[in-house]
Amino acid sequence: MVTDVKKINKVKTGGDCYEANARFVLDECPDYMLCHGVAILKTDGLPYGHCWVENGDVVIDKGNGVDAELPLDLYYLLGNMTDEDREYFIDWLANRNIDE
């Protein structure tokens with residue numbers, strides 16, 4: 001599990017965050033919240049779509065081969081996000097097969 005902020009900031013975007021985090025929730029933790037939103041890339045300040053998992057005040061991110069677990073406040077700070085930037089995938093998870 002990665003908990004070092006320096007390592008997490010080096011993770012490249014354009015990866016598999018939607019699929020990896022959805023699989024984690026569906027296969028291992030169905031009570032956790034699958035979230036998506038727009039974060040701001042540290043390298044160039046541009047927005048990008050991202051997906052992660054929330055369990056209370058902890059964020060888990062399995063995207064791009066990383067197994068990150070960070071406090072929610074820190075994760076949002078790193079992505080320059082707020083609660084308003086996030087949506088939950090509750091209906092999607094209940095009614096969809098990830099392989100479709």
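Two strands are taken to pair if DSSP finds at least two bridges between them. On that basis, β3 and strand β4 (residues 68–71) of this predicted model form an antiparallel pair with four bridges. The hairpin of β3 and β4 has six residues between its strands, and in it N64 adopts a positive phi near 60°.

**Overall organisation**

The chain contains four helices and five strands, arranged along the sequence as α-α-β-β-β-β-α-β-α. Of its 100 residues, 36% are buried. Among contacts with a separation of 6 or more, 55% are between residues 24 or more positions apart. The exposed surface of the chain is about 6300 Å², of which carbon and sulfur atoms supply 49%.

**Strand pairing and hairpins**

Strand β1 (residues 33–40) runs antiparallel to β2, with eight bridges joining them. H36 has C51 of β2 as its bridge partner. Strand β2 is also joined to strand β3 (residues 58–61), again in the antiparallel sense, by three bridges; here N55 is partnered by V58 of β3. In the pairing of β3 with β4, the bridge partner of D61 is A68.

A residue with positive phi can be named in each of the hairpins tabulated below.

| Hairpin | Residues between the strands | Residue with positive phi | Phi |
|---|---|---|---|
| β1 and β2 | six residues | G45 | near 75° |
| β2 and β3 | two residues | G56 | near 65° |
| β3 and β4 | six residues | N64 | near 60° |

**The environment of H50**

H50 belongs to strand β2 (residues 47–55). Its relative accessibility is 9%, and H50 therefore counts as buried, the cut-off being under 20%. The side chain of H50 makes a polar contact of 2.8 Å with that of Y75. Leaving aside residues up to four places away in sequence, H50 touches C17, Y18, C35, H36, G37, D61 and Y75.

**Nonpolar cores**

The largest nonpolar core has 10 residues in all: C35, A39, W52, V59, L70, L72, Y75, Y76, L78 and M81. The elements giving two or more residues to this core are β1 and α3 (72–78), and α3 gives the most, with four residues. A second, separate core comprises nine residues, including C17, F24, C29 and C51. In soluble globular proteins, nonpolar side chains tend to be buried together.

Two members of the largest core can be followed through their contacts, again without residues up to four places away in sequence. V59 touches W52, V53, E54, A68, E69, L70, L72 and Y75. Y76, which lies in helix α3, touches W52, E54, M81, T82, D83 and R86. W52 thus appears in the contact list of V59 and in that of Y76.

Y76 counts as buried because its relative accessibility is 5%. One of its contacts is R86; the C-alpha atoms of Y76 and R86 are separated by 9.9 Å, the two residues being 10 apart along the chain.

**Links between the described regions**

Y75 connects several of these descriptions: Y75 is a member of the largest core, the partner of H50 in the 2.8 Å polar contact, and one of the residues touched by V59. C35, likewise a member of the largest core, is among the residues that H50 touches. C17, which H50 also touches, is instead included in the second core.

Key: Residues numbered from 1 in each chain as written. Predicted model: local features only at pLDDT ≥ 70, side-chain atom pairs only at ≥ 80, totals over all residues. Heavy atoms only, no water. Buried < 20%, exposed > 50% of the residue type's maximum accessible area, 1.4 Å probe, protein only. Contact = heavy atoms within 4.5 Å. Areas by Shrake-Rupley, 256 points an atom, 1.4 Å probe, with all protein chains shown as cover. Polar contact = N/O pair within 3.5 Å; in protein donor to acceptor, adjacent residues only side chain to side chain. Core = buried A, V, L, I, M, F, W, Y, C linked by side-chain atoms within 4.5 Å.
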